[in-house]
Amino acid sequence: YQKKHKIDELMRELASSALPGQIRKLQLDEETNLCEVKAEIAPDMGVAIYGEMDDTGEIVPEYYVPYVLSQDPSSIAECSIQRHTNRETYAGLLDEYRVGISLIYYLENVMEYRERKMAKEPIDTEWVSLSGLSVKGKILLPIKKTEKQKEMAKVALKERTNLLEAAKNGNEEAIETLTIEDIDLYSQISRRILKEDVYSIIESCFMPCGIECDQYSVIGTIKDLETLENRLTGEEIIKMKLECNDMLFQVSINKQDLMGEPMVGRRFKGQIWMKGTAKFKS
C-alpha cells in the first residue's frame, strides 16, 4: 500500500469490518467523539485507526498508526506524558538512567490515558513496556565474552546507573567520577579502534537518530524471536526481544528489510520508531 487513495480505502475497509471488541469510543463533548479501531493483522500487531463516529454508527477514519503490543515491563523510571500539537496523540518521556538520555516514545494506549484523565483518575505510571518498529536493519555477530566478563559488565553498568542518578541530584563527587571515567573510556577506545572493528568495541548502543524525537539508532542483543505473518499482504515479520543497555524491549521488522539471519545471541542494528504502553497505577 503506497498510494494515498489505496491506504484510505484500506482504512475504511478495516474500520467498517471491525468487531465490537476492537472499537473504543470516547465522548469528548456533546457534539464530538473520538473512536479507536484496532485492526489486528498479526498477533499483538496491527493498525490503530482514529476518527469520529457519525449518526449512522459509521466510523470516518482521520488518521492511523501501526501498533505493536508488548507485555514485558521495560522501564519503571519516572514517566511524563504530553499531547502532540496537531492531533489526539501523545508522547511519553522516561528519565531512564540506563540509556543515559531522556527516552521519548509514542504512547500506544491513548484511549485509556484519555479516559483516565477525563474521569480524573491517577495517571501516574507503574511501568512502561516499549516496542520498536523498524524499516531497515542488519544482524551482527555477538562479542565473545566469558561468564566472568558478563557479570563484571553488569556490575559496572549498575554502578554507572547509580552514579548518573547521583549526578543528576547534584552530587559533585559523582559528576567528577563520571568525568574521569569518560576520559579513560575515550583513551581506551582511541587505542583499540586502531586494531579492532568498531562493532567489536561497541556491544550495544541507544542514541537519538534524525530530527524525530522518538526515533533511535540501536544495537541490542537478541534474547528471543518469532516469525509472524501479515494476514493482509502475506509478508513475514520478524519480532525480536532485544536487550540494550540492560533494558528489554520488542522490535518488529519486515523480513525483506532485515539483512542477515536473526538468531538468539546475535545482535540487531537498526533505526527504530519507539512506541510504548504505559501501565497506570490503580
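**Cavity lining and cysteines**

Q: How many nonpolar, polar and charged residues does the lining of the largest cavity have?
A: By class there are six nonpolar, no polar and three charged residues, where Ala, Val, Leu, Ile, Met, Phe, Trp, Tyr, Cys and Pro count as nonpolar, Asp, Glu, Lys and Arg as charged, and the others, Gly among them, as polar. The model is predicted, with pLDDT of at least 70 needed for local features and 80 or more for side-chain atom pairs, while totals for chains, interfaces and linings use all residues. Residues are numbered from 1 along each chain as its sequence is written, and side-chain values use heavy atoms, without hydrogens and water.

Q: Which residues make up that lining, and which strands supply at least two of them?
A: Lys-38, Ala-48, Tyr-50, Val-65, Tyr-67, Tyr-106, Leu-107, Glu-108 and Lys-275 line the largest cavity, each having an atom within 4 Å of one of its points. At least two residues each come from β3 (45-53), β4 (59-68) and β7 (101-107), strands being DSSP runs of E, at least two residues long, numbered from the N terminus.

Q: What makes this space a cavity, and how many are counted at 30 Å³ or more?
A: A cavity is a set of points on a 1 Å grid over the protein atoms alone where a 1.4 Å probe fits but cannot get out; the count is one of 30 Å³ or more, and the largest holds about 30 Å³.

Q: Why is Cys-213 not bonded to Cys-209?
A: A disulfide needs two cysteine sulfur atoms within 2.5 Å, and the sulfur of Cys-213 is 13 Å from the closest one, in Cys-209, so the separation is too far for a bond. The whole structure has zero disulfides.

Q: Is Cys-79 buried or exposed?
A: Cys-79 has 15% relative accessibility and therefore counts as buried (under 20% relative accessible area, with exposed over 50% and partly exposed in between, for a 1.4 Å probe and protein chains only), whereas Cys-213, at 44%, counts as partly exposed.

Notes: On a 1 Å grid over the protein atoms alone, a cavity is a set of points where a 1.4 Å probe fits but cannot get out, and a pocket is an open set with protein on both sides within 12 Å along at least five of seven lines; lining residues have an atom within 4 Å of a point. Grid points are joined across faces, edges and corners, and a volume is the space filled by probe spheres set on the points. Helices (H or I, at least four residues) and strands (E, at least two) are DSSP runs, numbered from the N terminus.
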